[in-house]
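Work through the exercises below with the sequence and the coordinates open beside you. Each task is followed by a solution that goes step by step.

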Amino acid sequence: MSPESTVTTATIEVTDALHDAEWWRHAVIYQVYVRSFADADGDGTGDLAGVRSRLPYLRDLGVDALWFTPWYRSPLADGGYDVADYRTIDPAFGTLAEAEALIREALDLGIRTVVDVVPNHVSDQHPWFQAALAAGPGSAERSRFWFHPGRGRGGHQMPTGWVSSFAGPTWTRTTNPDGTPGEWYLHLFTPQQPDLNWDHPDVRAEHEDVLRFWFDRGVAGIRIDSAALLVKDPTLPEVPEAPGPGGHPHLDRDELHGIYRSWRRVAEEYDPPRVLVGEVWLADHRRFADYLRPDEMHTAFNFDFMARPWDAAALRESIETTLEAHRGVGAPATWVLSNHDVTRPVTRYGRADSSFDFATKGFGTPTDLELGRRRARAAALLTAALPGSLYLYQGDELGLPEVEDLPRDLLQDPMHFRSGGVDPGRDGCRVPLPWSGTRPPFGFSPTPDAEPWLPQPDRWATLTVEHQSADPGSMLRLYRSVLALRRDPELRGPLRWLDLGPCVLAFARGEHLLCVVNLGADPVDLPPHGEVLLVSAPLDPDGRLPHDAAVWLAPPPATPTSAPPDASTEAPSL
Ligand code: NOJ
């Protein structure tokens, strides 16, 4: 093929992909945590120039879209989830012009962009909050937030006893200009993240304007932070012991749906319509699916699946419940193995308790990283074969483990500090990516003497992009193969379960794919099949799938006279 025709084919593919208005139903969306992705200016913090320089890497990985965690101006009290100005890029990351260039350049490579919107709260440095503090009790400025007098004598007690998702109190007391103690304000997260009052028309209008600001710049969608927390019961009751549906004072309140319906209308003013992706942590599948009704969000992260242990019955139950709940509203499921808030899968799956729970992270418990890596490889094949869209957190394609031995004095996550140092926090999954070379900063920063904002372990030399690109058995090469195969629309047929025993997850996708995952300790026989398309670990000499491994198979050829399958076929990815 001549170079010219290669270019033409690539251009056609890019254009076709970008014309697919339903792309979000099956996309692979890669999460970029900008601070830790790539640092172009050498200050040890990732930046937009760094991302732009690595766009070809993302194209070659085979992702359809990038979700950027907040890149706006922020004091970084919570890694950027404390936004001071939505229309400005934080100077540590770059400029608005660079963000616009990045969005364009990614699109030229067929990659869409999703930005993070954080509607529950703003930074305490946001002009609205500063104005509210200055204006004092009873002012119009304060009514955009939840300012309230305290309870008890002298108002010394918090207005409610609500507990923060980051542990500790949810109210902070202000000081009046004359030095006396003043009102309290609500913050479900840190005191630097005051909650907005979504009953206020300014709050609604401002957010719709922010959406348009970014939609006008060509972003394909938004990820909605803490999407089920925005609305509060204005009577500020305590949290009941067992709140009924919609009965929690600050979680999953029915009034939220009106907000997302109005956002959907804004998204649909655009051609192609922009996409809403919700961060909705809810145990109730039916209430979760309510957010995905046709006039609300398009998709939401499936944390139920992510939190499950490496156990066939538990995962199958989650998959079935998920698919059923989504079917009811016509929305695609999402499959998520991790993000910037949770323990990396390689570490999680290497522990005796491989489930995820913020309250019990298993920090310091014995971890078999080899086993964890093996399972994470199998999980990659499993999640990529399931119907719906797939989220991939930066570094998971490299099989990075959680860094659990970061020096305590370098930790930055408020979750760590607010737990009194008990919770390790989330810094361990936010360590800058290793790109190349044999010692830190591993090509993350352009110069060898640069110091990444969190130190990378020396042992990451074998986990760099450079190293893994040259190793056919690496996690990176596996992900590239999986994502390349997954692009084939023929693999998107209906899911049909196969019964291969209690420790095995096995299913067909239409007529073109069989996926088998062995979560048990013993090897399992494969079902009748054609070509072995991809394996996460080599089949054993008898052609069986070993423990903690997954395989993608072509179904058996239709003709009964065809040769029996050669089970020992080497899979191309290894
Ligand atoms: C969820 C985000 O993913 C997390 O990083 C952040 O700390 C909280 N929301 C608060 O914005």
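**Exercise 1. Pairing and burial of β16**

Task: in this predicted model, determine how many bridges join strand β15 to β16 and in which sense the two strands run, and then establish which strand pairs with β16 over five bridges.

Solution. Begin with β15, residues 504-509, which is joined to β16 by six bridges, the two strands running antiparallel. Within this pairing, alanine 506 has valine 516 of β16 as its bridge partner. The connection between β15 and β16 is a hairpin with three residues between the strands, and in its turn glycine 510 adopts a positive phi of about 55°.

Next, turn to strand β18, residues 549-553, which pairs with β16 in the antiparallel sense over five bridges. Here cysteine 515 has tryptophan 552 of β18 as its bridge partner.

The last step concerns the side chains of β16. In a regular strand the side chains alternate between the two faces of the sheet. In β16, Leu513, Cys515 and Val517 point one way, whereas Leu514, Val516 and Asn518 point the other way, and all of them are buried. This agrees with the count for the strand, residues 513-518, in which six of six residues are buried.

**Exercise 2. Cysteines and disulfides**

Task: find how many disulfides the model contains, and explain why cysteine 515 has no bond to the closest cysteine sulfur.

Solution. The criterion needed here is that two cysteine sulfur atoms lie within 2.5 Å, and by this rule the count comes to zero disulfides. For cysteine 515, the closest cysteine sulfur belongs to cysteine 503 and is 16 Å away, so the distance is too far for a bond.

A further step is to ask about accessibility, for which the cut-off for a buried residue is under 20% relative accessible area. Cysteine 515 has 0% relative accessibility and therefore counts as buried. Cysteine 429, at 1% relative accessibility, likewise counts as buried.

**Exercise 3. The sheet of β6, β7 and β8**

Task: give the order of the three strands in the open sheet, and identify which of them are edge strands.

Solution. The order in the open sheet is β6-β8-β7, with antiparallel pairing. The edge strands are β6 (147-148) and β7 (171-175), each of which pairs on one side only.

Taking the pairings one at a time, β6 is joined to β8 by two bridges in the antiparallel sense, and in this pairing phenylalanine 147 stands opposite tyrosine 185 in β8. On the other side, β7 pairs with β8, residues 181-186, over four bridges, again antiparallel. Threonine 172 has tyrosine 185 as its bridge partner in β8, while threonine 175 has proline 181.

β7 and β8 also form a hairpin with five residues between them, and glycine 179 in the turn has a positive phi of about 90°. As for burial, β8 has five of its six residues buried, so the strand is largely enclosed by the rest of the structure.

**Exercise 4. Aromatic pairs around phenylalanine 147**

Task: classify the geometry of the aromatic pair that phenylalanine 145 and phenylalanine 147 form, and then that of phenylalanine 147 and tyrosine 185.

Solution. The structure holds 28 aromatic pairs. In one of them, phenylalanine 145 and phenylalanine 147 lie 6.4 Å apart centre to centre with 85° between the planes, and the pair is edge-to-face. Both phenylalanine 145 and phenylalanine 147 are buried.

The rings of phenylalanine 147 and tyrosine 185 have their centres 6.0 Å apart and their planes at 50°, so this pair is tilted. Because phenylalanine 147 lies in strand β6 and tyrosine 185 in strand β8, the pair ties together parts that are 38 residues apart in sequence. The relative accessibility of phenylalanine 147 is 11%, and tyrosine 185 is buried with a relative accessible area of 7%.

Elsewhere, ring pairs link Trp67, Trp281, Phe301, Phe303, Phe356, Phe358 and Tyr391 into a cluster.

**Exercise 5. The largest pocket**

Task: describe the lining of the largest pocket, stating which residues lie nearest its centre and which element gives the most to the lining.

Solution. The largest pocket holds about 1000 Å³ of space. Its lining comprises 45 residues, of which Ser165, Phe189, Glu279, Trp281 and Phe358 lie nearest the centre. The elements that give two or more residues to this lining are α8 (285-290), α9 (303-307) and α10 (312-329), and α9 gives the most, with three residues. By residue class, the lining divides into 23 nonpolar, 13 polar and nine charged residues.

How values were computed: Residues numbered from 1 in each chain as written. Predicted model: local features only at pLDDT ≥ 70, side-chain atom pairs only at ≥ 80, totals over all residues. Heavy atoms only, no water. Buried < 20%, exposed > 50% of the residue type's maximum accessible area, 1.4 Å probe, protein only. Pairing = 2+ DSSP bridges. 1 Å grid on protein atoms, 1.4 Å probe; cavity = no way out; pocket = protein on both sides within 12 Å on 5 of 7 lines; lining within 4 Å. Points joined across faces, edges and corners; volume = space filled by probe spheres on them. Nonpolar A, V, L, I, M, F, W, Y, C, P; charged D, E, K, R; others polar. Phe/Tyr/Trp six-rings, centres within 6.5 Å; stacked < 30°, edge-to-face > 60°.
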